[in-house]
Amino acid sequence: MFQNPMHFDRNLLLEMLHDAIGEEELFIVSLTLSDSVLPKVTVTLDGPNGLAIQACATISRRLARRIDEHYGEEAAYSLEVTSPGADQPLTDPRQYARHIGRSLALKLTDGTEKTGTLTAATAEGVEIEEVIKQKTKKTTLPAAFYPFGDITEAKVVISFK
């Protein structure tokens, strides 16, 4: 017997997700729905101290229970609750604070790119000490502030040294 693919209400899923997060000190980075025969609900969460694997499992179970209660046990879907990968851009201002002291690569709206140590993060933007490489010399500039409105992409620079 062929069943129509599930059509999930994204706003309802967000409500269920907020409920599933409960008292955990986490926030939603993204919630995506694939529109395939077996819909996939992908939730990306983060928090001030990152996201523990146990919290992922707990929230995944809570959310699955809520989805099943609302859409019925026979609802066919896959669910993934995850944290942003190390290579993922930072998309929420709340993600920056735990990366203070690490190297950050910024792409700005004017087309320029800045790379340096993240020294501060506020609700308005970030402060980095830009490192400029000239031939064999590296120069660290005084910390400069970049408002979030001027940043098109920010990634933590992963060093394997």
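Start by selecting T42, which sits in strand 2 (strands are DSSP runs of E, at least two residues, and helices are runs of H or I, at least four residues, both numbered from the N terminus). You're looking at a predicted model, where local features need pLDDT of at least 70 and side-chain atom pairs count only at pLDDT 80 or more, while totals for chains, interfaces and linings use all residues. Residues are numbered from 1 along each chain as its sequence is written, and side-chain values use heavy atoms, with hydrogens and water left out.

**Stop one: around T42**

Is T42 buried or exposed? T42 counts as buried because its relative accessibility is 15% (buried means under 20% relative accessible area, exposed over 50%, partly exposed in between, with a 1.4 Å probe and protein chains only). Now show what T42 touches: leaving aside neighbours within four places in sequence, its contacts are S30, L31, T32 and E80 (contact means heavy atoms within 4.5 Å). Of these, T32 stands opposite T42.

**Stop two: the sheet and its helices**

Widen the selection to strand 1 and strand 2, residues 40–46, which pair in the antiparallel sense over six bridges (two strands pair if DSSP finds at least two bridges between them). Then bring in the third strand: the three form an open sheet in the order 1-2-3, with mixed pairing. Its edges are strand 1 (27–33) and strand 3 (78–82), each pairing on one side only. On average, neighbouring strands here are turned by 15° against each other, direction ignored.

Next, select residues 10–21. That's helix 1, which packs on the sheet and touches strand 1 and strand 2; its direction makes about 145° with that of strand 1 (axes are lines fitted to C-alpha atoms, for helices over the stretch in contact, and angles run from 0 to 180 degrees between N-to-C directions). Click on L14 in helix 1. Not counting residues up to four places away in sequence, L14 touches I28 and L31. Helix 2 (residues 53–71) lies across strand 2 and strand 3, and runs at about 145° to strand 3.

**Stop three: over to strand 6**

From L14, jump to V131: the two are 117 residues apart along the chain, and their C-alpha atoms are separated by 40 Å.

Select strand 5 and strand 6 together. They run antiparallel, joined by five bridges, and a hairpin of three residues connects them. Look for G116, whose bridge partner in strand 6 is E130.

Strand 6 also pairs with strand 7 (residues 137–140), antiparallel over four bridges. Here Q134 has K137 as its bridge partner. Two residues lie between these strands in the hairpin, and K135 in the turn has a positive phi of about 55°.

Add strand 8 (residues 144–147), joined to strand 6 by four bridges and antiparallel to it. On this side, G125 is bridged to P147.

**Last stop: the largest pocket**

Which residues lie nearest the centre of the largest pocket? Select S103, T115, K133, K138 and V157, which are among its 11 lining residues. Its volume is about 290 Å³. Strand 5 (113–121) and strand 6 (125–134) each supply at least two lining residues, and strand 5 gives the most, with three.

Conventions. 1 Å grid on protein atoms, 1.4 Å probe; cavity = no way out; pocket = protein on both sides within 12 Å on 5 of 7 lines; lining within 4 Å. Points joined across faces, edges and corners; volume = space filled by probe spheres on them.
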